[in-house]
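Visitor: Could you take me through one part of this model in close detail? I would like the cut-offs spelled out along the way.

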2 protein chains.
Amino acid sequence: MTAPPLANLINELTKLPGIGGKSAARLAYFILKRPSAEAEALATAILEVKTKIFRCSTCNNMTDIDPCAICIDPRRDPTLICVVEEAFNIPTIEQTRDFKGVYHVLLGALSPLKGIGPQDIDVAGLIKRVQNSGVREVIVATNPNVEGEATASYIAQQLRGIAVKTTRLAFGLPVGGDLEYADQVTMAKALEGRREI
Amino acid sequence: MTAPPLANLINELTKLPGIGGKSAARLAYFILKRPSAEAEALATAILEVKTKIFRCSTCNNMTDIDPCAICIDPRRDPTLICVVEEAFNIPTIEQTRDFKGVYHVLLGALSPLKGIGPQDIDVAGLIKRVQNSGVREVIVATNPNVEGEATASYIAQQLRGIAVKTTRLAFGLPVGGDLEYADQVTMAKALEGRREI
């Protein structure tokens, strides 16, 4: 009995990740209640990302200029590359304000289960960048899970013949967490990576 | 360093209820990765609800025809009115398939704290419907919280002079829940409303 245009919006919203039926209905009714200008701004923003955003030809980051703002920033060190799985991992690293190098987006991670092999992610582009532009360090910031670890090992292996330092993000206890909630693997990694104080 | 059209979409998405910065970024990158046709379908659906959906002149439900599909359904009993705070409460009741009457949407609930008084919600429309169309029962299905209870009391008081039965949804233990998680008030209500088996 939900009116068709409303049912249609709810249906479109449920296609988004993490949005179930209840959330979609809540969002749809919210959009209905707000001024038309706000709905138009949202609709326009959705259309604009699809027309104006593309991948940086150097690092695969999402950008509206090529090379992207990070690649062309003269304050950043192009000899330090941080490798991430997806473009949306970049803001997570950027918010630390501690990284002053550039990025390389793999566009995925190795996953034999999902049938994703080395040819499906952009390791070749990374190797080419390392070989051609005097890169001194590659920080592998793939996810701390099975796929991310496999990808990190593969990258390390591919870079072995090249004169570049390859590093991996540290594993250990999440800051602000509680010791008793740490899982076995994280705890083992935290012990293994212990430092003198 | 996030490209402006992408930052703009993330910003628009954070205006939606329950969508924080991280969720908005996740949704925006998801939209970026999907085919353009999907983004267009979502944008169109957003615009269409704003142009095609309005309030039913009888019951205030969200509709694309007037009176709404529920009000004009000949299989429904117009002498039984279920009163809800918002139009989005209707699908929750409809999904039970147990209610065969019609609805009245108040468009809010009484809240002295938020400055919402009787003139700000549509109790007058409800009284008029009850007086003019031989309504036999009004089921008050406002929320089980302070505002909803205050609204229910006010409605009951307003209907006192009219020959109509006024009822309130039952309070008690949520089905499928665990007794130990029931809060004090719900438990008291469950005891108070106990039935012979």
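Guide: Happily; we start with one residue and then turn to the chain that it touches.

This is a predicted model, in which local features need pLDDT of at least 70 and side-chain atom pairs count only at pLDDT 80 or more, while totals for chains, interfaces and linings use all residues. Residues are numbered from 1 along each chain as its sequence is written, chains are lettered from A in the order in which they are written, and side-chain values use heavy atoms, leaving out hydrogens and water.

Our residue is B:E12, found in helix α1 of chain B, which covers residues 4-14 (a helix is a DSSP run of H or I with at least four residues, a strand a run of E with at least two, both numbered from the N terminus). B:E12 counts as buried because its relative accessibility is 10%, where buried means under 20% relative accessible area, exposed over 50% and partly exposed in between, with a 1.4 Å probe and protein chains only. Leaving aside residues up to four places away in sequence, B:E12 touches A:E38, A:A41, A:L42 and A:A45, a contact being heavy atoms within 4.5 Å.

Now for chain A, the partner in those contacts. Chain A has 7 helices and 6 strands, running α-α-α-β-β-β-α-β-α-β-α-β-α along the sequence. Its C-alpha trace spans about 65 × 45 × 35 Å along the principal axes. Of the 197 residues in chain A, 41% are buried. Among contacts in chain A with a separation of 6 or more, 47% come from residues 24 or more positions apart.
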